[in-house]
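Student: I should like to learn how salt bridges and ligand contacts are read from a set of coordinates. Could we work through one example together?

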Amino acid sequence: MKKIEAIIRPEKLEALKDQLLQAKVSGITISQVLGCGNQHGWTEYIRGSEVIMNTRSKVLFTIVTANERVEEIVELIIKVAQTGEVGDGKIFITDVADCIRIRTKERGEAAL
Ligand SMILES: Nc1ncnc2c1ncn2[C@@H]1O[C@H](COP(=O)(O)OP(=O)(O)OP(=O)(O)O)[C@@H](O)[C@H]1O
Ligand SMILES: [Mg+2]
């Protein structure tokens, strides 16, 4: 099993959620987060005052899936989230040791 964490633009939230549900992923966790990538320390004006900004609102999708679905899901995320402009986001993939469905105590992929 792998955990896919995709940090994307907030305006892509609904489209990505719809596509992932259509693709019948077993579960999705969505979080509102703040972050920065390579660009930080830019200036914005808030009520006339200059403010140095380091982070922007982003949305984090967490999906745990069977290994054989990882590439398909990654492709889907890119298709929805890519604009070609800086700040499109990033995808991290990590190994997951186990999963437990609390209701039934099922383990591993059976619990996804
Ligand atoms: N190395 C990282 N570790 C943790 N979070 C990251 C990392 N890189 C990016 N993020 C998260 O992803 C969000 C979007 O990153 P972003 O797309 O700006 O990456 P980037 O490397 O600056 O690429 P680009 O040059 O296309 O903007 C950030 O706001 C941050 O939340
Ligand atoms: Mg960036």
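The dialogue below takes up salt bridges, side-chain exposure and ligand contacts in turn.

Tutor: Please keep in mind throughout that this is a predicted model.

Student: How many salt bridges are there by the distance rule?

Tutor: A salt bridge is assigned when a side-chain nitrogen of Lys or Arg lies within 4 Å of a carboxyl oxygen of Asp or Glu. Applied here, that rule gives eight salt bridges.

Student: Which residue does Glu-14 meet in a salt bridge?

Tutor: The partner of Glu-14 is Lys-17, with an N to O distance of 3.2 Å. Both residues belong to helix α1, which spans residues 13-22. They are three residues apart, about one turn of the helix.

Student: What is the N to O distance in the salt bridge between Arg-69 and Glu-72?

Tutor: The side chains of Arg-69 and Glu-72 meet at 2.6 Å. For Lys-3 and Glu-5, the closest N and O atoms are 4.0 Å apart, and this pair also forms a salt bridge.

Student: Are Lys-3 and Glu-5 buried, exposed or partly exposed?

Tutor: The classes rest on relative accessible area: under 20% is buried, over 50% is exposed, and partly exposed lies in between. Lys-3 has a relative accessibility of 28% and therefore counts as partly exposed. Glu-5, at 22%, is likewise partly exposed.

Student: How are the residues of the other two pairs classed?

Tutor: In the helical pair, Glu-14 is partly exposed at 47%, and Lys-17 is partly exposed at 25%. Arg-69 is partly exposed with a relative accessible area of 22%, while Glu-72 is partly exposed at 38%.

Student: Turning to the ligand, which residues come nearest to ligand 1?

Tutor: One begins with the residues around the molecule and then inspects individual atom pairs. There are 13 residues around ligand 1, of which Gly-35, Asn-38, Gly-87, Gly-89 and Lys-90 come nearest.

Student: Where do backbone or side-chain atoms of the protein approach oxygen atoms of ligand 1?

Tutor: A backbone N or O atom of Asn-38 is 2.7 Å from a ligand oxygen atom. For Gly-89, a backbone N or O atom also lies 2.7 Å from an oxygen atom of ligand 1. Gln-39 contributes a polar side-chain atom, located 3.1 Å from an oxygen atom of the ligand. Of the 610 Å² of accessible area that ligand 1 has on its own, the protein covers 70%.

Student: Which pocket does ligand 1 take up?

Tutor: Ligand 1 takes up the space of the largest pocket.

Note on methods. Residues are numbered from 1 along each chain as its sequence is written. Chains are lettered from A and ligands numbered from 1 in the order in which they are written. This is a predicted model: local features need pLDDT of at least 70, side-chain atom pairs count only at pLDDT 80 or more; totals for chains, interfaces and linings use all residues. Side-chain values use heavy atoms; hydrogens and water are left out. Buried means under 20% relative accessible area, exposed over 50%, partly exposed in between (1.4 Å probe, protein chains only). Helices (H or I, at least four residues) and strands (E, at least two) are DSSP runs, numbered from the N terminus. A residue is near a molecule or strand if one of its heavy atoms lies within 4 Å of it. A polar contact is a pair of N or O atoms within 3.5 Å; within protein, one must be able to donate a hydrogen and the other to accept it, and residues adjacent in sequence count only if both atoms are side-chain atoms. Accessible areas come from the Shrake-Rupley method with a 1.4 Å probe; for residues, only the protein chains shown count as cover. On a 1 Å grid over the protein atoms alone, a cavity is a set of points where a 1.4 Å probe fits but cannot get out, and a pocket is an open set with protein on both sides within 12 Å along at least five of seven lines; lining residues have an atom within 4 Å of a point. A molecule sits in a cavity or pocket if more than half of its atoms lie within 2 Å of its grid points.
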